Amino acid sequence: MTRVAILGSGSWGTAFGKILTDAREDTLVTLWARRETVAAEINERHLNREYFPDVELSERMTATTDPAAAVRGASVVVVAVPSQSARALMERVAGALEPDAIVVSLMKGLERGTHLRMSQVLAESLGLSPERIAVVSGPNLAREIVDRQPTASVVAAANPLVAARIAELCTAPYFRPYTNTDVVGVEVGGVVKNIIAVAVGMCDGLGVGDNSKASIMTRGLAETMRLALALGGLGPTLAGLAGMGDLVATCSSRLSRNNTAGRLLAEGLTPDEVAERMSQVAEGVKSAAAVAELAAQYDVRMPITQAVVDVVEGRLAVNDMGARLMGRDLTSEGEL
Ligand SMILES: NC(=O)C1=CN([C@@H]2O[C@H](COP(=O)(O)OP(=O)(O)OC[C@H]3O[C@@H](n4cnc5c(N)ncnc54)[C@H](O)[C@@H]3O)[C@@H](O)[C@H]2O)C=CC1
Ligand SMILES: O=C(CO)COP(=O)(O)O
């Protein structure tokens, strides 16, 4: 049997556990839940109704409220909490991690203050070699996945054997992972698409048309590419599932929390009111300032990201965002 711990029993942690138990009969999953009621419901009724009221979970998926107990004995530890809380949680489990465990990030954010990608936060806080870390990212809206709607994804790891091992564990009839060794490109794609989805959500909220949204997505991908290349990522990764694929899914879907957050901001809610209204995390709102700061450090232009930051921080009205973006100096499309 393969024992997998999943830290985070929200939307994506629960859905990923379902992928793993659907993928292989010999996988046992232990979910860590913060609340006793959630853990009890998973253990006793095989349900996590707050996130997926109608989805039955496997009996091979159990839950605990003790994160160290979840990771003890697990050969794979998957982390699926909001990015800004990852470090504190890792500090709670570091001592219980098995010496050869592989740690997998499902998160799509950048740590505020340090500007570190999630794989870097995991390596640093757990004292692990980057060789033992993998990242899963792609057009993977959790609600569609628990309904077994087919999708593809990327498993990225510096060590191709680690990527292959995780891909093997999560290959299900409706989930097709591709491996990649470009961890930087995959993570940057996942982080920035959330910010672009907030911008597209603002367009939706303002009733702006499809040409505008397609322009934001395309130029959003251009600025994602610029940042990824500056950090050492590879262009083709951004044309792939963790870049364009996830950008299209998140920007176009009403299921996206980032898109929803953008719509609510356009309706005039403050970021705090948006967070209060939504029970799930919108990483783009939380990570936008850190991304803009990192881009500035590397002298990378990210005008859409900067506009989202300025709206979130109250320096720009949503209604003025279009004029700001349209009024910039003309440039060549080929210029990266
Ligand atoms: N939901 C989705 O469709 C997808 C989400 N992701 C990414 O996965 C990560 C997790 O997202 P979701 O599961 O969707 O979020 P969620 O909001 O549905 O669940 C987050 C989980 O973390 C726990 N949590 C919240 N605050 C915490 C804290 N301060 N400390 C420890 N635990 C805390 C919650 O109790 C919950 O179990 C995010 O980075 C997101 O961008 C990636 C792909 C798909
Ligand atoms: O990352 C996701 C899909 O791949 C989920 O997007 P949201 O967090 O915007 O819902």
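**Exercise 1. Start from Ala156 and work out how strand β7 is held by its neighbours.**

*Solution.* Let us begin with one residue pair: Ala156 stands opposite Asn180, which is in β8. The model we are reading is a predicted one.

Step 1. Look to the other side of the strand. There, Val135 stands opposite Ala156 of β7. The pairing of β6 with β7 is antiparallel and runs over four bridges.

Step 2. Return to β8. Val155 has Thr179 in β8 as its bridge partner. Six bridges join β7 and β8, and this pairing is parallel.

Step 3. Follow the chain between these two parallel strands. From β7 it passes through helix α7 (residues 160-169) to reach β8, in a β-α-β crossover that is right-handed.

Step 4. Ask how enclosed the strand is. In β7 (residues 151-157), five of the seven residues are buried, so the strand is largely enclosed by the rest of the structure.

**Exercise 2. Place the strands in their sheet, and find the helix that packs on β4, β5 and β6.**

*Solution.* Step 1. Write down the strand order. The sheet is open, has eight strands and reads β3-β2-β1-β4-β5-β6-β7-β8, with mixed pairing.

Step 2. Mark the edges. These are β3 (61-64) and β8 (175-180), each of which pairs on one side only. From one strand to the next, the twist averages 25°.

Step 3. Move to the pair β4 and β5. Strand β4 (residues 76-79) runs parallel to β5 (residues 102-105), and four bridges join them. Within this pair, Val77 is opposite Val103 of β5.

Step 4. Add the helix. It is α5 (residues 118-126), which packs on the sheet and touches β4, β5 and β6 (133-137). The direction of α5 makes about 145° with that of β5.

**Exercise 3. Trace the largest nonpolar core, using Val77 as a guide.**

*Solution.* Step 1. List the contacts of the guide residue. Apart from its neighbours within four places in sequence, Val77 is in contact with Ala5, Leu7, Val71, Leu97, Ala101 and Val103.

Step 2. Set Val77 in the wider core. The largest nonpolar core has 115 residues, and Val77 is one of those that touch the most other members, along with Val78, Val79, Ala134, Ile196, Ala199 and Val291.

Step 3. Find the main contributor. Helix α8 (residues 183-206) gives the most to this core, namely 14 residues.

Step 4. Locate the core relative to the domains. Both domain 1 (2-181) and domain 2 (184-326) give residues to this core, so it lies between them.

**Exercise 4. Describe how the two domains meet.**

*Solution.* Step 1. Take the bounds from the domain assignment of the chain, which gives domain 1 (2-181) and domain 2 (184-326). Their C-alpha centres are 24 Å apart.

Step 2. Count the residues on each side. Domain 1 brings 26 residues to the contact and domain 2 brings 27 residues.

Step 3. Name the elements on the side of domain 1 that touches domain 2. At least two residues each come from α5, β6, β7 and β8. The largest share, four residues, is from β7.

**Exercise 5. Decide whether helix α11 is enclosed or not.**

*Solution.* Step 1. Check its residues one by one. The buried ones in α11 are Leu241, Ala242, Gly243, Met244, Gly245, Asp246, Leu247, Ala249, Thr250 and Cys251.

Step 2. Compare with the length of the helix. Of the 12 residues of α11 (residues 241-252), 10 are buried, so the helix is largely enclosed by the rest of the structure.

**Exercise 6. Examine three loop residues: Gly113, His115 and Arg148.**

*Solution.* Step 1. Gly113 is in the loop between β5 and α5. It is exposed, because 9 other C-beta atoms lie within 10 Å, and the cut-off for exposed is 12 or fewer.

Step 2. His115 is also placed in the loop between β5 and α5. With 16 other C-beta atoms within 10 Å, His115 is partly exposed. Its phi is near 65°, a positive value in a residue that is not glycine.

Step 3. Arg148 sits in the loop between α6 (142-146) and β7. Its phi is positive too, at about 60°, although Arg148 is not a glycine. Arg148 counts as partly exposed, with 15 C-beta neighbours inside 10 Å.

Step 4. Why do these two angles deserve a note? Most residues other than glycine have a negative phi.

Notes. Residues numbered from 1 in each chain as written. Chains lettered and ligands numbered in written order. Predicted model: local features only at pLDDT ≥ 70, side-chain atom pairs only at ≥ 80, totals over all residues. Pairing = 2+ DSSP bridges. Axes fitted to C-alpha atoms, helices over the stretch in contact; angles between N-to-C directions. Contact = placed C-beta atoms within 7 Å. Buried ≥ 20, exposed ≤ 12 C-beta atoms within 10 Å, placed from the backbone. Right-handed = clockwise from strand over helix to strand, strands pointing away. Core = buried A, V, L, I, M, F, W, Y, C linked by C-beta atoms within 7 Å. Domains from an automatic or database assignment.
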